[in-house]
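Let's take a stroll through this protein together. Keep the sequence and the 3D view handy as you read.

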Amino acid sequence: MLTREQLEALKVKLLEEKQKLLERYKKKEDTQARIEEEVKEPGDLEDIGQMTYTQELLDTLSAREFFIIKEIDHALNKMQAGTYGICEYCGEEIPYERLLAIPWTRYHAHCAEKAEEEGIVPTYPAISFEATIPEEMEIQREDITEA
Ligand SMILES: [Zn+2]
């Protein structure tokens with residue numbers, strides 16, 4: 001069982017991560033607005049090709065971020081319902097270490113693989129569960145647990 005302190009720490013992580021994603025998304029919308037501005041005065045064909053590529057990249061990143069935001073909301077709902085930390089595949093508890101690494105995960109690492117094979121995992125195509133760990137995420141965050 002997760003302790004109240006562990007749950008609290010994970011909740012802070014989830015909320016913090018969601019906030020970060022929303023901010024990053026907002027920044028990207030600004031970039032997108034700038035691209036659209038540039039399209040109004042197109043240069044040569046090479047520039048247009050470059051712009052399309054950038055646009056596609058932005059779309060992809062947004063889709064991935066939307067997916068994680070949705071998973072974070074799902075995790076927060078489960079916290080409220082008291083089912084957070086229970087693997088949705090096997091019904092057993094997910095170790096705290098895994099939740100710390102991916103607080104919005106629904107499964108054990110091995111269950112995520114099985115769920116994916118069986119096509120029941122809510123996936124974002126081409127992004128594996130392991131790849132969703134933000135690189136800058138720190139494990140030790142004593143500073144935020146008091147917030
Ligand atoms: Zn499991």
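## The overall layout

Going along the sequence, the protein reads α-α-α-α. That is 4 helices and 0 strands; here helices (H or I, at least four residues) and strands (E, at least two) are DSSP runs, numbered from the N terminus.

A quick note on the basics: this is a predicted model, where local features need pLDDT of at least 70 and side-chain atom pairs count only at pLDDT 80 or more, while totals for chains, interfaces and linings use all residues. Residues are numbered from 1 along each chain as its sequence is written.

## Buried bits and contacts

Out of 147 residues, 15% count as buried, meaning that 20 or more other C-beta atoms lie within 10 Å of the residue's own (12 or fewer is exposed, in between is partly exposed, and C-beta atoms are placed from the backbone).

Now for contacts, where two residues have C-beta atoms within 7 Å, again placed from the backbone. Take those between residues at least 6 apart in sequence: 62% join residues at least 24 apart.

## The core

The largest nonpolar core (buried Ala, Val, Leu, Ile, Met, Phe, Trp, Tyr and Cys residues joined through C-beta atoms within 7 Å) has 10 residues, including L10, Y84 and W104. Helices α1 (4-39) and α2 (45-81) each chip in at least two of them, and α1 gives the largest share, with 3 residues.

## Zooming in on L10

L10 sits in helix α1. Why does L10 count as buried? Because L10 has 21 C-beta neighbours inside 10 Å.

Skipping neighbours within four places in sequence, L10 is in contact with L99 and P103. L10 and A101 are 91 residues apart in sequence, yet their C-alpha atoms are 9.8 Å apart in space.
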